[in-house]
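Here is a request: take a look at the fold below and keep it on screen while you read. We'll go through it piece by piece.

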Amino acid sequence: MGFLSFFLGEKTKTASVAKERLQIILAHERNGRTRDPAYLPDLQRELLAVISKYVSVSPGDIKVEVERQGDLEVLQVKIELPEAAR
């Protein structure tokens with residue numbers, strides 16, 4: 001969200017706000033280089049809250065973890081969605 005759009009009242013899309021938040025969280029955690037990132041439980045709860053607005057999911061349906069592959073960190077999000085009604 002830009003400075004002017006904040007004051008002019010332009011609405012931002014939820015997806016872009018979520019993307020920005022995730023980028024900030026990841027950048028912050030990369031600087032700390034913690035072994036077990038502390039943001040994962042919060043991220044999982046936020047994902048559950050957003051997805052629950054559209055489909056019925058339980059906390060066990062969402063798994064968030066970070067895998068380290070050499071110098072790379074891979075954020076892995078697994079979401080089990082219910083089957084579509086026919």
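Set aside its neighbours within four places in sequence, and Leu40 is in contact with Val64, Glu65, Val66 and Leu75, where contact means heavy atoms within 4.5 Å. Leu40 itself lies in helix 3. Is Leu40 buried or exposed? Leu40 counts as buried because its relative accessible area is 10%; the scale runs from buried (under 20% relative accessible area) through partly exposed (in between) to exposed (over 50%), using a 1.4 Å probe and protein chains only. From C-alpha to C-alpha, Leu40 and Lys63 are 9.3 Å apart in space, with their positions 23 residues apart in sequence counted as the separation.

Before going on, a word on where this comes from. This is a predicted model, in which local features need pLDDT of at least 70 and side-chain atom pairs count only at pLDDT 80 or more, while totals for chains, interfaces and linings use all residues. Residues are numbered from 1 along each chain as its sequence is written, and side-chain values use heavy atoms, with hydrogens and water left out.

Now for the overall plan. The protein has three helices and two strands, and along the sequence they follow the pattern α-α-α-β-β. Helices (H or I, at least four residues) and strands (E, at least two) are DSSP runs, numbered from the N terminus. Of the 86 residues, 16% count as buried. If you take the contacts between residues at least 6 apart in sequence, 37% of them join residues at least 24 apart.

On to the strands. Strand 1 (residues 62-69) and strand 2 (residues 72-79) pair in the antiparallel sense over eight bridges; two strands pair if DSSP finds at least two bridges between them. Across the pair, Glu65 stands opposite Gln76 in strand 2, and Arg68 stands opposite Glu73 in strand 2. The hairpin has two residues between the strands, and Gly70 takes a positive phi near 70° there.

Next, the loop between helix 3 (40-52) and strand 1, which is where you find Asp61. Which side chain of opposite charge is nearest to Asp61? That is Lys63, 6.8 Å away, and Asp61 is buried yet has no salt bridge. For charges, Lys and Arg count as positive and Asp and Glu as negative, while His and the chain ends are not counted. A salt bridge is a side-chain nitrogen of Lys or Arg within 4 Å of a carboxyl oxygen of Asp or Glu. Leaving aside neighbours within four places in sequence, Asp61 touches Lys78, Ile79 and Glu80 by the contact rule.

Ser56 sits in that loop between helix 3 and strand 1 too, and so does Pro59. Apart from neighbours within four places in sequence, Pro59 is in contact with Gln44 and Leu48.

So how many salt bridges does the rule give? The count comes to one. The side chains of Asp42 and Arg45 meet in it, at 2.2 Å from N to O. Both residues lie in helix 3, three residues apart, about one turn of the helix. Asp42 counts as partly exposed because its relative accessibility is 39%, and Arg45 counts as exposed because its value is 52%.

Here are some C-alpha separations side by side.

| Pair | Apart in sequence | C-alpha to C-alpha |
|---|---|---|
| Ser56 and Leu81 | 25 residues | 8.0 Å |
| Leu40 and Lys63 | 23 residues | 9.3 Å |
| Pro59 and Ala49 | 10 residues | 9.5 Å |

Two of the residues in the table, Ser56 and Pro59, are exposed because their relative accessible areas are 64% and 53%.Last comes the empty space. Rolling a probe the size of a water molecule over the atoms shows where empty space is left. About 370 Å³ of space lies in the largest pocket. Of the 14 residues that line the largest pocket, the closest to its centre are Ala18, Lys19, Glu46, Leu47 and Val50. On a 1 Å grid over the protein atoms alone, a pocket is an open set of points where a 1.4 Å probe fits, with protein on both sides within 12 Å along at least five of seven lines, and lining residues have an atom within 4 Å of a point. The volume is the space filled by probe spheres set on the points. Helix 2 (14-32), helix 3 and strand 2 each supply at least two residues of the lining, and the largest share, eight residues, comes from helix 2.
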